[in-house]
Amino acid sequence: MSIELPDQPSHAVNLVADPGGRYLYFLLLPGQWESEPEPDHTEGLWRADTHTGALAHVLPSLPVEQDCCPLHPIAVSPDGRALLMKASTFFNLLDLESGERFWLDLPGESTILDWLPPDSP
C-alpha cells in the first residue's frame, strides 16, 4: 500500500507506529527532503491508517523555533490512546481521543524509557 502525502511538495519525518501497527503518526514538513532553507513551520501532526491509506490531520501547523527541533512524536502508549511528543526543551502528552494536550514537567534532556500501566503505583 502506498500513502500519498498532502500539500505537495512535502515529506514525512519522525514516524512512530502505534503498538498494533495500524497507525503511523508523523510530522509533515513542507518542501522536498533536505530542502534549503529549513522550514520555519510544520504542516502539523498527521496519522496514516496502514490498512486503508487514509490520512487524518491530528494537530495543526506547529512552529519551528530557530535552532530548535519542532514538537515531534516519539512514542504511542501501549493502549494506543496517548502520544508522547518532544521538542528540544519540553515534553507534551496528547490524548488521541479528546485532542487534549498535557505539558509534562520534565527536563528537555530527559529520556523516556517505557510506559507504566495507569494503575501502577
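Visitor: In this predicted model, which residue forms a salt bridge with arginine 22?

Guide: Happy to start there. Arginine 22 sits in the loop between strand S1 (10–17) and S2, while its partner belongs to strand S3, so the pair ties together parts that are 27 residues apart in sequence. The closest N and O atoms are 2.8 Å apart, and the partner is aspartate 49.

Visitor: Is aspartate 49 buried or exposed?

Guide: The cut-off helps here: buried means under 20% relative accessible area. Arginine 22, at 30%, is partly exposed. Aspartate 49 has 8% relative accessibility, so this residue counts as buried.

Visitor: Which residue stands opposite aspartate 49 in the strand pairing?

Guide: Strand S2 (residues 23–30) and S3 pair in the antiparallel sense over 5 bridges. S3 itself spans residues 45–49, and 4 of its 5 residues are buried. Opposite aspartate 49 stands tyrosine 23.

Visitor: What phi does glycine 53 have in the turn between S3 and S4?

Guide: Good one to look up on the structure. S3 pairs with strand S4 (residues 55–59) in the antiparallel sense over 4 bridges, and tryptophan 46 stands opposite histidine 57 in S4. The two strands form a hairpin with 5 residues between them, and glycine 53 in the turn has a positive phi of about 85°.

Visitor: Which residues are joined into one network by salt bridges that share partners?

Guide: Arginine 81 forms a salt bridge with aspartate 79, with the closest N and O atoms 3.7 Å apart. Arginine 81 also forms one with glutamate 97, at 3.9 Å between the closest N and O atoms. That second pair links distant parts of the chain, from the loop between S5 and strand S6 (82–86) to the loop between S7 and S8. The network therefore consists of the residues joined by these shared partners: Asp79, Arg81 and Glu97.

Visitor: Which strands are the edge strands of the open sheet?

Guide: The sheet has 4 strands in the order S5-S6-S7-S8, with antiparallel pairing. An edge strand here pairs on one side only, and that describes strand S5 (72–76) and S8.

Visitor: What is the bridge partner of leucine 94 in S8?

Guide: Strand S7 (residues 91–95) runs antiparallel to S8, and 4 bridges join them. In S8, the partner of leucine 94 is arginine 101.

Visitor: Which residues form the nonpolar patch on the surface?

Guide: One member, isoleucine 112, lies in the segment after strand S8 (101–104). Isoleucine 112 has a relative accessible area of 36%, so this residue is partly exposed. Together the patch has about 200 Å² of accessible area, and its members are Ile74, Leu106 and Ile112.

Methods: Residues are numbered from 1 along each chain as its sequence is written. This is a predicted model: local features need pLDDT of at least 70, side-chain atom pairs count only at pLDDT 80 or more; totals for chains, interfaces and linings use all residues. Side-chain values use heavy atoms; hydrogens and water are left out. Patches are made of residues with over 30% relative accessible area and no salt bridge: like charges are joined within 9 Å, nonpolar side chains (Val, Leu, Ile, Met, Phe, Trp, Tyr) within 5 Å. Accessible areas come from the Shrake-Rupley method with a 1.4 Å probe; for residues, only the protein chains shown count as cover. A salt bridge is a side-chain nitrogen of Lys or Arg within 4 Å of a carboxyl oxygen of Asp or Glu. Buried means under 20% relative accessible area, exposed over 50%, partly exposed in between (1.4 Å probe, protein chains only). Two strands pair if DSSP finds at least two bridges between them.
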